[in-house]
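I opened the notebook to look up ring pairs, a pocket and some unusual backbone angles. The entries follow in that order.

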Amino acid sequence: MKSKKKNVIAIILGGGQGSRLSPLTESRSKPAVPIGGKYRLVDIPISNCMNSDIYRIFVLTQFNSASLNAHIKNTYHFSIFSHAFVDILAAEQTPDNPTWFQGTADAVRQCMPHFLNHEFDYALILSGDQLYQMDLNEMIEEHIKNEADISIATLPVNEKDAPEFGILKTNSESCIESFIEKPAKEILPGWKSDVSEQMKSEGKHYLASMGIYIFNKKLLVDIMSNPNSKDFGKEIIPQAVGHKKIFSFQYEGYWTDIGNIDSFFEANIGLTDDVPKFNLFDNENKIFTRPRLLPPTKFKRTNIDRSLVSDGCIINAKEVIRSVIGNRSRIGDDTVIQNSYIMGNDFYQNIDDMKEAVKNHKQLIGIGERCFINNAIVDKNCKIGNDVHINGGKHLENSSTGLYVIKDGIVVVKKGAVLPDGFTIK
């Protein structure tokens, strides 16, 4: 008997231009943004699929896809005797589709010919910018068992957070009867759903859509034949409520939407907690990424506290506190890094180049000596001189320059930026 799992394809939506994550998305697509020091955002949904034995995966993108292409190509290799793949489908102009993707549903519609080249009964649609660990098999099995047309993963939320989401109301059989996008606080009492006792005790009475869907193949093909519906959350799901059997799959674990700089920063710094909500140290839920042949990280007189340090780093810093340090980072003597995400570098600067740079009073790749960096994100391949002082916080106003951006008190040093000796943001 053929396994139901074999009849599932996964479609990961890479999102649009990612302007809310700018400047991290100025030269890369949102799914390619580095997270956790050594991963990319796209590794999260792909790993969820692989941990659930789903190995036919499409990633849909349209902006700055070169680095994403390289990451996928260098990371996900399967046996030539298997049917497994991770394929990137970028927006392409055809006689039938002369435009960019106009929304999440339009992206799926434009790529349907590629999906239909494969045999499948169910399409699992995921977001490329969320941080969570879920057994997707459970959702698929519940979808099949309940003979649903569509299933939506839902997250219990409290009254404070509910107005930020699309809220769904279910009946006693967990079928969705109504939907409202970002409801006003005044009307929330009428939108409570049946949740577990644990969720009730935490005041989480409302079910928010997580943007994770399962569609039966025939229904998806039918829906995609209507070119006027551009988005799943805003149009297709609301239009299907009351007309199709839509099942709510309740998820009670950690989940966050990496939609802006603030949520991205908090998700990364949260990985340094004693017991992080997103667990990288899990035998059953591995996060896969590109294997790099890098040397071990080395330290010199450095105090490390509550931090993640990736491979191939050379760290002579005085202190690294509650921070995430990416691959190949170089941090100079007597520097203090705290509450920051240092993304690291794509390459090493060789000894001769470093000597030549010092001789000509140029900055080296990495972070110099006697620097102080707090509440900041330092993108890849930056050259930060000596005695640089960056103190992010709510006291700073939002601003944007050629070298850095300040959003919600977080200083984001742009990819490849060069900060001279003594540069200060405080």
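**Aromatic pairs**

I looked up ring contacts and found 10 aromatic pairs in the structure, where rings of Phe, Tyr and Trp (its six-membered ring) pair if their centres lie within 6.5 Å, and planes under 30 degrees apart count as stacked, over 60 as edge-to-face and the rest as tilted. Phe-58 and Phe-85 have ring centres 5.1 Å apart and planes at 65°, so I entered this pair as edge-to-face. The pair joins distant parts of the chain, with Phe-58 in strand S4 (residues 56-61) and Phe-85 in strand S5 (residues 85-90), 27 residues apart; helices (H or I, at least four residues) and strands (E, at least two) are DSSP runs, numbered from the N terminus. Phe-58 and Phe-85 are both buried, and the scale is under 20% relative accessible area for buried, over 50% for exposed and partly exposed in between (1.4 Å probe, protein chains only). I also noted that ring pairs link Phe-58, Phe-85 and Phe-115 into a cluster.

This is a predicted model, in which local features need pLDDT of at least 70 and side-chain atom pairs count only at pLDDT 80 or more, while totals for chains, interfaces and linings use all residues. Residues are numbered from 1 along each chain as its sequence is written, and side-chain values use heavy atoms, with hydrogens and water left out.

Next I checked Phe-165 and Trp-255, whose ring centres are 6.0 Å apart with planes at 50°, so the pair is tilted. Both Phe-165 and Trp-255 are buried.

**Second largest pocket**

I recorded about 470 Å³ of space in the second largest pocket. Its lining has 26 residues, and Arg-330, Met-354, Val-358, Leu-364 and Gly-368 lie nearest the centre. For the method, on a 1 Å grid over the protein atoms alone, a pocket is an open set of points where a 1.4 Å probe fits, with protein on both sides within 12 Å along at least five of seven lines, and lining residues have an atom within 4 Å of a point; grid points are joined across faces, edges and corners, and a volume is the space filled by probe spheres set on the points. Helix H9 (351-359) and strand S20 (330-331) each give two or more residues to this lining, and H9 gives the most, with three.

**Backbone**

I noted a cis peptide bond between Ser-22 and Pro-23, with omega about 10°. His-361 has a positive phi near 55° and is exposed, at a relative accessible area of 73%. Arg-370 also has a positive phi, about 60°, and is partly exposed at 41%.
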